[in-house]
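Me: I should like to go through the reasoning behind the terms applied to this structure. Please set each value against its definition.

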Amino acid sequence: MAMRQTPLTCSGHTRPVVDLAFSGITPYGYFLISACKDGKPMLRQGDTGDWIGTFLGHKGAVWGATLNKEATKAATAAADFTAKVWDAVSGDEVLTLAHKHIVKSVNFTQDSSCLLTGGNDKTIRIYDINKPEAEPQEITGHTSAIKKALWCNNDTQILSAADDKTVRLWDRTSTAVVKQLSFDMSVSSMEYIPDGEVLVITYGKTIAFYNALSLDLIKTVDAPASIHSASLHPDKDFFVAGGDDFKLYKYDYSTKEELESYKGHFGPVHCVRFSPDGELYASGSEDGTLRLWQTEVGKTYGLWKCVLPEELVSENSDTIYCTPAAPEIKA
């Protein structure tokens with residue numbers, strides 16, 4: 001019998017959801033933060049999508065959001081020319097870091113002591129969160145707006161993707177470019193997997209996998225539509241991608257075979273990420289919602305419970321419905 005995917009819908013945002021990130025696994029579970037053009041990033045319980053709180057303070061669209069591993073700190077990047085650091089437990093604003101232009105990307109070091117930012121002023125900045133009055137370290141070289149900047153290699157190096165159609169690997173200490181990739185078009189997204197040092201890059205209809213340290217190409221996969229984001233499962237068995245055609249695609253990482261495709265959103269998919277335990281993946285869309293999708297359809301997990309009630313199974317039915325207990329999670 002076929003299993004039908006039933007995503008959990010997380011509403012509450014009023015504009016397109018453009019970025020999302022999970023924390024690590026904590027004693028209280030794991031958490032999910034979403035960045036939205038409504039200027040109000042939201043924190044949710046990761047496995048259920050239950051709304052926990054909204055970070056209020058930005059005066060423009062929020063383009064990037066992240067959590068530290070312990071889910072004690074959050075950071076956001078916004079169109080009001082600021083990046084903000086928040087106490088993710090109380091929801092209080094801890095720091096406002098002024099920039100010269102729109103900020104698109106934020107990323108914590110593993111020990112949460114430093115914050116990496118990037119944006120439309122083409123400059124990567126490293127802030128010491130424990131010394132907010134100190135000037136940030138600045139790294140220049142990109143010739144167009146930076147879309148994403150990420151720590152890698154145990155925070156000794158930095159990966160950045162920009163509208164100048166390049167991805168660059170920088171040395172943190174010397175600020176020199178170690179390696180550079182050039183593309184025929186702008187990169188739409190970038191994900192770094194520390195375990196195994198894998199870099200996932202999307203551009204056009206292509207999902208590409210690179211060694212994050214050498215920037216050597218591992219493999220590419222072409223999707224049926226323009227892709228905005230992709231995420232590799234923690235076990236590297238498969239990956240998911242979403243883009244212009246409103247669908248989520250799931251592929252076998254080894255064979256590159258398309259395993260499934262699901263349409264749940266009512267607009268292009270801007271971001272997709274696997275949870276830290278790999279049990280689900282979250283997607284954010286132009287339609288203003290986040291959706292949580294089961295990695296293994298039919299497994300009882302979070303709010304999903306797979307049952308076979310007699311009234312749902314007819315003689316002619318070959319579909320099992322794995323239904324969430326609360327299909328829409330509102331803020």
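Me: What makes a residue count as one that Leu-199 touches, and which residues are these?
Reply: The model is a predicted one. A contact requires heavy atoms within 4.5 Å. Leaving aside residues up to four places away in sequence, Leu-199 touches Leu-159, Val-167, Met-190, Glu-191, Tyr-192, Ala-208, Phe-209, Tyr-210, Ala-212 and Leu-215.

Me: Why is Leu-199 called a member of a nonpolar core?
Reply: Such a core joins buried nonpolar residues through side-chain atoms within 4.5 Å, and buried means under 20% relative accessible area. Leu-199 belongs to the largest nonpolar core, which has 18 residues; together with Leu-159, Val-167, Phe-183, Met-190 and Ile-201, Leu-199 is among those that touch the most other members. At least two residues of this core come from each of strands 15 (146-152), 16 (157-162), 17 (166-171), 19 (189-193), 20 (198-203) and 21 (206-211). Strand 20 contributes the most, namely three residues.

Me: How many helices and strands does the protein chain have?
Reply: There are zero helices and 32 strands.

Me: Why is the protein chain called as compact as a globular protein of its length?
Reply: The globule rule gives 20 Å for 331 residues, and the radius of gyration is 19 Å; the two values are close, so the description holds. Along the principal axes, the C-alpha trace spans about 70 × 45 × 30 Å.

Me: What share of the protein chain is buried?
Reply: Under the 20% cut-off, buried residues make up 56% of the 331 residues.

Key:
Residues are numbered from 1 along each chain as its sequence is written. This is a predicted model: local features need pLDDT of at least 70, side-chain atom pairs count only at pLDDT 80 or more; totals for chains, interfaces and linings use all residues. Side-chain values use heavy atoms; hydrogens and water are left out. Helices (H or I, at least four residues) and strands (E, at least two) are DSSP runs, numbered from the N terminus. The radius of gyration is taken over C-alpha atoms; the globule rule is 2.2 Å times the number of residues to the power 0.38. Buried means under 20% relative accessible area, exposed over 50%, partly exposed in between (1.4 Å probe, protein chains only).
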